[in-house]
Amino acid sequence: MLILRRKIGQSIVINGDIIVEVGGILRGKTVFQFHAPEETRIRPREPVREEEDYVEKKGHETGTTDFTIVRGLGEAVVINGDILVLPYKVDSNSTRIGIIAPREVDIMRSELLTEGQKPNSKERI
């Protein structure tokens with residue numbers, strides 16, 4: 001498992017076109033905001049049980065999708081069936097994100113990407 005610390009508003013990029021942003025911290029849970037191509041399959045691994053653990057999905061004319069979900073420790077989000085993203089440890093203004101993915105999946109902190117490497121949807125973050 002790869003673990004990356006992200007503050008609120010910071011993001012990681014998976015395979016160059018899936019952006020995972022920490023949108024906030026809510027009662028010890030992480031608000032994840034995903035920005036991805038429309039064909040990307042994003043779903044919670046565990047059922048959403050509480051009203052505050054909302055799931056919101058919006059499509060855009062640009063062919064991208066925004067997906068927002070609140071997850072507690074150990075509650076994962078599954079991307080394309082083989083990538084898991086989950087809060088590993090949550091502090092007051094940051095979270096450590098655990099990522100389990102096949103070796104061939106590229107994972108980078110967004111601030112390490114050069115302008116030529118940044119996905120188009122990054123403009124919305």
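This section describes the strands, sheet pairing, aromatic pairs and one buried serine of a predicted model.

The protein has 125 residues. Its secondary structure comprises 11 strands and zero helices. Along the sequence the pattern reads β-β-β-β-β-β-β-β-β-β-β. Of the residues, 44% are buried. The exposed surface amounts to about 6900 Å². Carbon and sulfur atoms supply 46% of that surface. Contacts between residues at least 6 apart in sequence were also examined. Of these, 56% join residues at least 24 apart.

Five of the strands form an open sheet. Their order is E1-E10-E9-E8-E5, and the pairing is antiparallel. Strand E1 spans residues 2–7 and strand E5 spans residues 42–44. These two are the edge strands, each pairing on one side only. Neighbouring strands of the sheet are turned against each other by 30° on average, direction ignored. In general, strands of a sheet pair through backbone hydrogen bonds, in either a parallel or an antiparallel manner.

Within this sheet order, E10 stands between E1 and E9. Strand E9 covers residues 83–90, and strand E10 covers residues 94–100. The two run antiparallel and are joined by six bridges. One bridge places Pro 87 opposite Ile 97 of E10.

Strands E2, E3 and E4 are linked by two successive pairings, both antiparallel. Strand E2 (residues 11–14) pairs with strand E3 (residues 18–26) over four bridges. Here Ile 12 has Val 20 of E3 as its bridge partner. The hairpin of E2 and E3 has three residues between the strands. In this hairpin, Asn 15 adopts a positive phi near 55°.

Strand E3 also pairs with strand E4 (residues 29–37), over seven bridges. Leu 26 stands opposite Lys 29 of E4. The hairpin of E3 and E4 has two residues between the strands. Arg 27 of this hairpin likewise takes a positive phi, near 50°.

The aromatic rings were examined next. The count comes to two aromatic pairs. One of them joins Phe 32 and Phe 34. Their ring centres lie 5.9 Å apart, and their planes meet at 45°. The angle falls between the limits of 30 and 60 degrees for stacked and edge-to-face pairs, so this pair is tilted. Ring pairs also bring in Phe 67, and Phe 32, Phe 34 and Phe 67 form a cluster. How accessible is Phe 32, buried or exposed? Phe 32 has a relative accessible area of 0%, and therefore counts as buried under the 20% limit. Phe 34 is likewise at 0% relative accessibility and is buried. Both residues lie within the range of strand E4, residues 29–37.

A polar residue is also buried, in strand E10. Ser 94 belongs to that strand. The relative accessibility of Ser 94 is 0%, so this serine falls under the 20% limit and counts as buried. The side chain of Ser 94 makes a polar contact with the side chain of Arg 5, at 3.2 Å. Arg 5 lies within the range of strand E1, residues 2–7. Neighbours within four places in sequence aside, Ser 94 is in contact with Arg 5, Arg 6, Lys 7, Ile 25 and Lys 89. Among these partners, Ile 25 lies within the range of E3, residues 18–26. Lys 89 lies within the range of E9, residues 83–90.

Technical notes:
Residues are numbered from 1 along each chain as its sequence is written. This is a predicted model: local features need pLDDT of at least 70, side-chain atom pairs count only at pLDDT 80 or more; totals for chains, interfaces and linings use all residues. Side-chain values use heavy atoms; hydrogens and water are left out. Buried means under 20% relative accessible area, exposed over 50%, partly exposed in between (1.4 Å probe, protein chains only). Contact means heavy atoms within 4.5 Å. Accessible areas come from the Shrake-Rupley method with a 1.4 Å probe; for residues, only the protein chains shown count as cover. Rings of Phe, Tyr and Trp (its six-membered ring) pair if their centres lie within 6.5 Å; planes under 30 degrees apart count as stacked, over 60 as edge-to-face and the rest as tilted. Two strands pair if DSSP finds at least two bridges between them. Axes are lines fitted to C-alpha atoms, for helices over the stretch in contact, and angles run from 0 to 180 degrees between N-to-C directions. A polar contact is a pair of N or O atoms within 3.5 Å; within protein, one must be able to donate a hydrogen and the other to accept it, and residues adjacent in sequence count only if both atoms are side-chain atoms.
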